[in-house]
Amino acid sequence: MFNHSSTPAVAVTELPADAYLLDVREADEWACGHAPEAVHLPLSELLGRVDEVPADHPVYVICKVGGRSAQAADFLNQGGRAAVNVSGGMLAWQAAGKTMITESGAEPFVA
């Protein structure tokens with residue numbers, strides 16, 4: 001179905017400071033904790049909302065581990081966008097000690 005080996009990827013520690021970060025996890029995962037600058041668009045809604053994804057600059061796609069974000073990046077790249085998978089996902093983000101937030105103010109974690 002998808003060929004992830006050809007999907008561009010980047011480590012969380014190598015993300016550009018001004019990266020457009022697209023989090024494709026589901027709402028319950030997002031609510032537990034996410035990157036402050038991330039834009040939330042669940043993978044399950046991507047097909048119907050693809051026009052919300054910028055087409056004029058690279059999009060860095062993240063999920064929990066990297067599988068769903070690789071699927072999303074493949075889909076976006078096939079549609080003519082420049083998408084890059086964030087290797088290791090939010091688990092790698094958390095392990096790297098990068099900032100996470102929640103809207104509720106609760107202690108963020110990766111679910």
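This note sets out, point by point, the fold of a predicted model and the surroundings of two of its residues.

1. Overall composition. The protein chain contains four helices and five strands. Along the sequence, these elements follow the pattern β-β-α-β-α-β-α-β-α. The radius of gyration is 13 Å, close to the 13 Å that the globule rule gives for 111 residues, so the chain is as compact as a globular protein of that length. Along the principal axes, the C-alpha atoms occupy a box of roughly 40 × 30 × 25 Å.

2. Burial and surface. Of the 111 residues in the protein chain, 43% count as buried. The chain exposes about 5,600 Å², and carbon and sulfur atoms supply 54% of that area. As for contacts between residues at least 6 apart in sequence, 65% join residues at least 24 apart.

3. The sheet. The five strands form an open sheet in the order β1-β5-β4-β2-β3, and their pairing is parallel. Strands β1 (9–11) and β3 (39–40) stand at the edges; each has a single partner strand, so one side of each is left without a neighbour in the sheet. In general, strands of a sheet pair through backbone hydrogen bonds, either parallel or antiparallel.

4. Pairing at the β3 edge. Strand β2, residues 20–23, is joined to β3 by two bridges, and the two strands run parallel. Within this region, leucine 22 stands opposite valine 39 of β3.

5. Pairing around β5. Strand β5 is joined to β4 by three bridges in a parallel arrangement, with tyrosine 60 standing opposite valine 84 of β5. Strand β5 also pairs with β1 in the parallel sense, again over three bridges. Here the bridge partner of alanine 9 is asparagine 85 in β5. Strand β5 is mostly covered, since four of its five residues are buried.

6. Helix α3 against the sheet. Helix α3, residues 67–78, lies across three strands: β2, β4 (59–62) and β5 (83–87). The helix runs at about 170° to β5.

7. Serine 69. This residue is located in helix α3. Serine 69 has 0% relative accessibility and therefore counts as buried, the cut-off being under 20%. A polar atom of its side chain lies 3.2 Å from the backbone oxygen of glycine 66. When residues up to four places away in sequence are not counted, serine 69 touches Val24, Val61, Ile62, Cys63, Asn85 and Val86.

8. Threonine 7. Threonine 7 belongs to the segment before β1. With a relative accessible area of 11%, threonine 7 is buried. Apart from neighbours within four places in sequence, threonine 7 is in contact with Ala70, Ala73, Asp74 and Asn85.

9. A link between the points above. Asparagine 85 appears in the contacts of serine 69 and in those of threonine 7. Asparagine 85 is also the residue of β5 that serves as bridge partner to alanine 9. The description of this residue thus draws together the pairing of β1 with β5, the helix residue serine 69 and the segment before β1 that holds threonine 7.

Terms used. Residues numbered from 1 in each chain as written. Predicted model: local features only at pLDDT ≥ 70, side-chain atom pairs only at ≥ 80, totals over all residues. Heavy atoms only, no water. Pairing = 2+ DSSP bridges. Contact = heavy atoms within 4.5 Å. Axes fitted to C-alpha atoms, helices over the stretch in contact; angles between N-to-C directions. Buried < 20%, exposed > 50% of the residue type's maximum accessible area, 1.4 Å probe, protein only. Polar contact = N/O pair within 3.5 Å; in protein donor to acceptor, adjacent residues only side chain to side chain. Rg over C-alpha atoms; globule rule 2.2 N^0.38 Å. Areas by Shrake-Rupley, 256 points an atom, 1.4 Å probe, with all protein chains shown as cover.
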